[in-house]
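Please open the model in your viewer and keep the selection tool at hand. We will go from stop to stop, and at each one you will be told what to select and what is there.

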Amino acid sequence: DINLNPKGTGVLKSGTAAVKIAGKESIWIPAVAMYPTTTNGCAALAQTELTAGQPELKSLDFDKDSDEFAQFAIAFPKSWNEGTVTFQPFFTADTTNTGSAKFILAGVAVANDGPIDVAFGTGQGTAIGFSGTANDLMVGNESSAITIAGSPAAGEQVFFNIFRDVSADNLTADAKLLGIKLFFTTDAANDA
């Protein structure tokens with residue numbers, strides 16, 4: 001018994017239970033889940049209090065003078081279609097400069113009993129100009145599709161590498177990465 005539009009809610013139901021529809025999903029990856037790379041890494045995780053009793057920032061700070069890198073890893077849900085992904089960076093800066101910051105993300109999937117010492121796929125980036133008001137939140141545009149190297153399959157761990165491409169931006173201050181929204185597509189309603 002499937003009701004396609006009970007009481008005008010736009011929710012697909014089977015009996016009384018809502019049914020999840022496969023499609024585009026997102027997951028938040030905060031800066032606290034990332035780590036600077038050993039070679040050419042960004043600054044260590046920093047906490048910044050702007051005003052006591054108000055939101056504090058946890059950020060990875062990427063320098064304006066050279067490309068700096070951080071990494072993180074996730075295991076996608078089984079319902080992931082093992083296809084391309086996209087992302088949006090969330091960052092701020094302690095400056096009145098209005099230049100842009102560009103972040104690039106690349107990934108590689110590693111199977112059970114497979115080598116981890118493998119190359120990332122080709123990265124894709126997205127840039128956004130800073131507002132000119134210190135500590136404003138900036139949300140980048142969604143990137144182009146990122147093909148994950150390593151022939152992704154269900155149950156694998158995917159390692160990601162993110163960096164600030166200073167040759168393609170002009171923000172004259174550290175870009176404080178707060179996290180990214182990672183988009184992926186599912187082709188199943190659940191992970192059964």
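Is Asp61 buried or exposed? Select Asp61 and show its surroundings: this residue is buried, with a relative accessible area of 11%, where buried means under 20% relative accessible area, exposed over 50%, and partly exposed in between, using a 1.4 Å probe and protein chains only. Before going further, please keep in mind that this is a predicted model, in which local features need pLDDT of at least 70 and side-chain atom pairs count only at pLDDT 80 or more, while totals for chains, interfaces and linings use all residues. Residues are numbered from 1 along each chain as its sequence is written, and side-chain values use heavy atoms, with hydrogens and water left out.

**Around Asp61**

Asp61 belongs to strand S7, residues 56–62; strands (E, at least two residues) and helices (H or I, at least four) are DSSP runs, numbered from the N terminus. Now add Lys176 to the selection, and you will find a polar contact of 3.1 Å between the side chains of Asp61 and Lys176. Such a contact is a pair of N or O atoms within 3.5 Å; within protein, one must be able to donate a hydrogen and the other to accept it, and residues adjacent in sequence count only if both atoms are side-chain atoms.

**Strand S9**

Next, select residues 86–92, which make up strand S9: seven of the seven residues are buried, so the strand is largely enclosed by the rest of the structure. In a regular strand the side chains alternate between the two faces of the sheet. Here both faces are covered, as Thr86, Gln88, Phe90 and Thr92 on one side and Phe87, Pro89 and Phe91 on the other are all buried.

Which strand is joined to S9 by seven bridges? Add strand S14, residues 175–185, which runs antiparallel to S9 and is joined to it by seven bridges; two strands count as paired if DSSP finds at least two bridges between them. To find your place along this pairing, look for Pro89, which stands opposite Ile180 in S14. S9 also pairs with strand S12, residues 138–139, in the antiparallel sense over two bridges, and there Phe90 stands opposite Val139.

**An open sheet**

Colour the five strands of the open sheet in the order S5-S8-S13-S10-S11, whose pairing is antiparallel. Strand S5 (35–36) and strand S11 (124–129) stand at the edges, each with a single partner strand, so one side of each is left without a neighbour in the sheet.

**Two loop residues**

Select Glu82 in the loop between strand S8 (68–75) and S9, where its phi is near 60°, a positive value in a residue other than glycine. Most residues other than glycine have a negative phi. Then move to Asp113 in the loop between S10 and S11, whose phi is near 65°. Glu82 is partly exposed, with a relative accessible area of 26%, whereas Asp113 is exposed, at 78%.

**Aromatic rings**

For the last stop, select Phe72, Phe76, Trp80, Phe160 and Phe184, which form one aromatic cluster. Rings of Phe, Tyr and Trp (its six-membered ring) pair if their centres lie within 6.5 Å, and planes under 30 degrees apart count as stacked, over 60 as edge-to-face and the rest as tilted. By this rule the count comes to nine aromatic pairs. One of them, Phe76 with Phe184, is edge-to-face, at 5.2 Å centre to centre and 65° between the planes. Phe76 lies in the loop between S8 and S9 and Phe184 in strand S14, so the pair ties together parts that are 108 residues apart in sequence.
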